[in-house]
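Please work through the following exercises with the sequence and the model open. Each task is followed by a solution in steps.

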Amino acid sequence: MPWFEGFESRSFEVNGTSINARFSRVVPGDPLRPALLLLHGFPQSHVMWHRVAQRLANDYFLVMPDLRGYGDSSKTAGLPDHSNYSKRNMAHDMAGVMDALGISRFYLCGHDRGGRVAHRLALDYAARVQKLCIIDIAPTLDMYEGRSMTEPYMAFARAYYHWFHMLQPAPLPEIMMGANHPETARAYLHAKLGGWGSAGLNYIEPQALAEYERCFCNTEALHAACEDYRASAGVDLEHDRESRTQHLKLACDLLVLWGERGVVHRLFDPIALWEAQCSGEVSGQAMPAGHFIPEEQPEATAQALRAFFS
């Protein structure tokens, strides 16, 4: 892809799975730039970072993986307890990729599901994460339990109905989303990419949309995405409650970005919720966007990340 000129791409065999990742090409003689790990969300892949990556390529050694179950990473069947798609296990995947690249400490940013993986990664590997940015999410446990909501819980369930649909037992959600029916899956994908305050698909280049369609509109990918959400409603909540019982909080400074047209802005107080889960300094702002901020506002996103991680 011309967007990723100057980057390399390969698969990493880590944690019993294959993780596809794109990362900065190291030029012999150049000093290694600070490492920044960028994690995408549902229903996308690392391609969502292409505009931001163009703007940060000279400042950081960028690592952009496809999460387990997404993009060109492995899409294995879920275990009965969905633990292979837990955010703890997915965070372990990311730590393995950074190990393979010889990177011990790094900056971290995650959007959507990638933000939930980043949250767990920063908790379980606190010594490795220097600073963390979370984009357009509140903590998973708080969202499921309806903390700090400004409207009745029905508003959240209506806006994020997919959270409750995709966690239902297989294979019904997968079938309804378009398993074995690519046109149905494509319609579902387009509805998600154009929703949550993002006002349609005009912010996505045709090449990027084609990549999302290629990677998402098949039975294996739909199952893996559902397993991600099944884990979030089960084993992930167990891990989150355990961390809170142990008073385990994020140790690094945290930047929170969210879309002013999105669900998180309308229904939650993201700064207050993240301050309760972080012992470092928490800062943040609403961005003039819907949910898919890095693609809707790439220049503003890059500027915010550069200022925070500098």
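The exercises below concern a strand, its partners and the cysteines of this predicted model.

**Exercise 1.** Determine whether strand E3 (residues 35-39) is enclosed or open, and explain why.

*Solution.*
Step 1. In a regular strand, side chains point alternately to one face of the sheet and to the other.
Step 2. On one side of E3 lie Ala35, Leu37 and Leu39, and on the other Leu36 and Leu38; all are buried, so that both faces are covered.
Step 3. Because five of the five residues are buried, E3 is largely enclosed by the rest of the structure.

**Exercise 2.** Identify the strands that pair with E3 and state the sense of each pairing.

*Solution.*
Step 1. Three bridges link E3 with strand E4 (residues 61-65) in the parallel sense. Here Ala35 has Phe61 of E4 as its bridge partner.
Step 2. Between these two strands the chain passes through helix H1 (residues 50-56), forming a right-handed β-α-β crossover.
Step 3. E3 also runs parallel to strand E5 (residues 106-111), to which four bridges join it. Leu38 is matched with Cys109 of E5.

**Exercise 3.** Explain why Cys226 forms no bond with the closest cysteine sulfur.

*Solution.*
Step 1. A disulfide requires two cysteine sulfur atoms within 2.5 Å.
Step 2. The closest cysteine sulfur to that of Cys226 belongs to Cys217 and is 13 Å away, so it is too far for a bond.
Step 3. Cys252 is likewise in no disulfide, with the nearest cysteine sulfur, in Cys278, at 6.0 Å.
Step 4. The structure as a whole contains zero disulfides.

Key. Residues are numbered from 1 along each chain as its sequence is written. This is a predicted model: local features need pLDDT of at least 70, side-chain atom pairs count only at pLDDT 80 or more; totals for chains, interfaces and linings use all residues. Side-chain values use heavy atoms; hydrogens and water are left out. Buried means under 20% relative accessible area, exposed over 50%, partly exposed in between (1.4 Å probe, protein chains only). Two strands pair if DSSP finds at least two bridges between them. A crossover is right-handed if, with the strands pointing away from the viewer, the path from the first strand over the helix to the second runs clockwise.
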